[in-house]
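Subject: Structure for you, with notes

Hello,

Here is the structure I promised to pass on. My notes follow it.

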Amino acid sequence: MFFDILNKVIKAATVLILAVITIFVSVEVVLRYFFGMTLYITEEFTRYSMVWMVFLGASLAVRENAHTRVELFVNFFPGKVRAWLNLAAHLLFVIFLSFLVYEGCIALSFQFEQIIPTLGIPMFWFYLALPVGGVLMILNLLPQIWETILVISGRMAPPEEEFEIPVIDGGLS
């Protein structure tokens with residue numbers, strides 16, 4: 001329930017950011033093309049908003065298990081061994097994300113004084129995407145870690161994954 005509400009909020013924020021970026025860029029194009037004018041905030045605002053959108057979207061991708069990964073090696077193993085390998089991968093990912101959150105918090109401390117000239121706001125608000133995105137990715141990884149632990153403990157059946165080694169029919173004759 002918590003994760004469903006959290007991810008609905010993340011999806012809404014991601015869609016909102018994308019809509020705002022689209023509006024800003026569209027207005028910028030019309031102003032430049034037809035009126036020879038420009039909004040001086042568009043470039044920086046869209047760049048920093050894109051950073052937020054990427055980190056929020058990455059947390060949704062973690063939830064859906066949609067990040068790119070190479071499973072060829074892992075899929076050769078039976079269910080429990082595969083679960084152990086997945087658990088190791090999840091834990092390495094949590095370590096990486098914890099490092100991202102930690103370093104992001106350190107970077108935040110230096111960003112209060114740095115003001116974005118065109119927007120007039122501190123860089124802090126855009127650097128905040130690193131620790132927030134990292135925490136959201138860790139939160140979305142927790143249910144997958146729990147499911148993997150259940151598979152390892154035998155309280156849950158391993159997911160059935162269709163895996164076939166491609167066979168080349170014919171060949172040289």
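The crossing of helix H1 and helix H2 is left-handed. Keep in mind throughout that this is a predicted model.

**H1 and H2**

H1 covers residues 2-35 and H2 covers residues 42-63. They pack at an angle of about 155 degrees. Their axes are 9 Å apart. Angles over 145 degrees count as roughly antiparallel, so H1 is roughly antiparallel to H2. What classes of residue make up the contact of H1 with H2? There are 15 nonpolar residues, seven polar and four charged.

Three residues of H1 are worth a look.

- Leu-18 has its place in helix H1. Its relative accessible area is 42%. Partly exposed means between 20% and 50%, so Leu-18 is partly exposed. Leu-18 and Ile-149 are 131 residues apart in sequence. In space, C-alpha to C-alpha, Leu-18 and Ile-149 are 36 Å apart.
- Thr-22 also lies in helix H1. With a relative accessible area of 43%, Thr-22 is partly exposed. Thr-22 and Thr-46 are 24 residues apart along the sequence. Their C-alpha atoms are 8.7 Å apart in space.
- Phe-24 is in helix H1 too. Its relative accessible area is 22%, which makes Phe-24 partly exposed. Phe-24 and Glu-43 are 19 residues apart along the chain. The C-alpha atoms of Phe-24 and Glu-43 are separated by 9.1 Å.

Thr-46 and Glu-43 fall within the range of H2, residues 42-63.

**H3 and H5**

Now the other helix pair. H3 runs over 79-108 and H5 over 129-153. How do their axes lie? The axes of H3 and H5 come within 9 Å and cross at roughly 160 degrees. H3 and H5 are therefore roughly antiparallel to each other. Their crossing is left-handed. The contact of H3 with H5 divides into 20 nonpolar residues, eight polar and one charged.

**The largest pocket**

Next, the open space. About 390 Å³ of it lies in the largest pocket. How many residues line that pocket? The lining has 20 residues. Those nearest the centre of the pocket are Asn-65, Gln-144, Glu-147, Thr-148 and Pro-159.

Helices H3 and H5 each supply at least two residues of this lining. Which helix gives the largest share? That is H5, with six residues. By class, the lining of the largest pocket has six nonpolar residues, seven polar and seven charged.

**The second largest pocket**

The second largest pocket has a volume of about 190 Å³. Here is its lining, split up for reading:

- Val-62, Asn-65, Ala-66, His-67, Thr-68 and Arg-69 are among the lining residues.
- Ala-89, His-90 and Phe-93 are also among them.
- Leu-141 and Gln-144 belong to the lining as well.

H3 and H5 each supply at least two residues here too. For this pocket the largest share, three residues, comes from H3. The lining has five nonpolar residues, five polar and one charged.

So that you can set the two pockets side by side:

| | Largest pocket | Second largest pocket |
|---|---|---|
| Volume | about 390 Å³ | about 190 Å³ |
| Largest share of the lining | H5, six residues | H3, three residues |
| Nonpolar | six | five |
| Polar | seven | five |
| Charged | seven | one |

**Asn-65**

One residue needs its own note. Asn-65 is among those nearest the centre of the largest pocket. Asn-65 also lines the second largest pocket. Gln-144 is likewise named near the centre of the largest pocket and in the lining of the second largest.

Where is Asn-65 found? Asn-65 is in the loop between H2 and H3. Phi of Asn-65 is near 60 degrees. That is a positive value in a residue other than glycine. Is Asn-65 buried, exposed or partly exposed? At 39% relative accessibility, Asn-65 counts as partly exposed.

Best wishes

Terms used. Residues are numbered from 1 along each chain as its sequence is written. This is a predicted model: local features need pLDDT of at least 70, side-chain atom pairs count only at pLDDT 80 or more; totals for chains, interfaces and linings use all residues. Side-chain values use heavy atoms; hydrogens and water are left out. On a 1 Å grid over the protein atoms alone, a cavity is a set of points where a 1.4 Å probe fits but cannot get out, and a pocket is an open set with protein on both sides within 12 Å along at least five of seven lines; lining residues have an atom within 4 Å of a point. Grid points are joined across faces, edges and corners, and a volume is the space filled by probe spheres set on the points. Helices (H or I, at least four residues) and strands (E, at least two) are DSSP runs, numbered from the N terminus. Ala, Val, Leu, Ile, Met, Phe, Trp, Tyr, Cys and Pro count as nonpolar, Asp, Glu, Lys and Arg as charged, and the others, Gly among them, as polar. Axes are lines fitted to C-alpha atoms, for helices over the stretch in contact, and angles run from 0 to 180 degrees between N-to-C directions. Angles under 35 degrees count as roughly parallel, over 145 as roughly antiparallel, 65 to 115 as roughly perpendicular and the rest as oblique. A crossing is left-handed if the near helix is turned anticlockwise from the far one by less than a right angle, and right-handed if clockwise. Buried means under 20% relative accessible area, exposed over 50%, partly exposed in between (1.4 Å probe, protein chains only).
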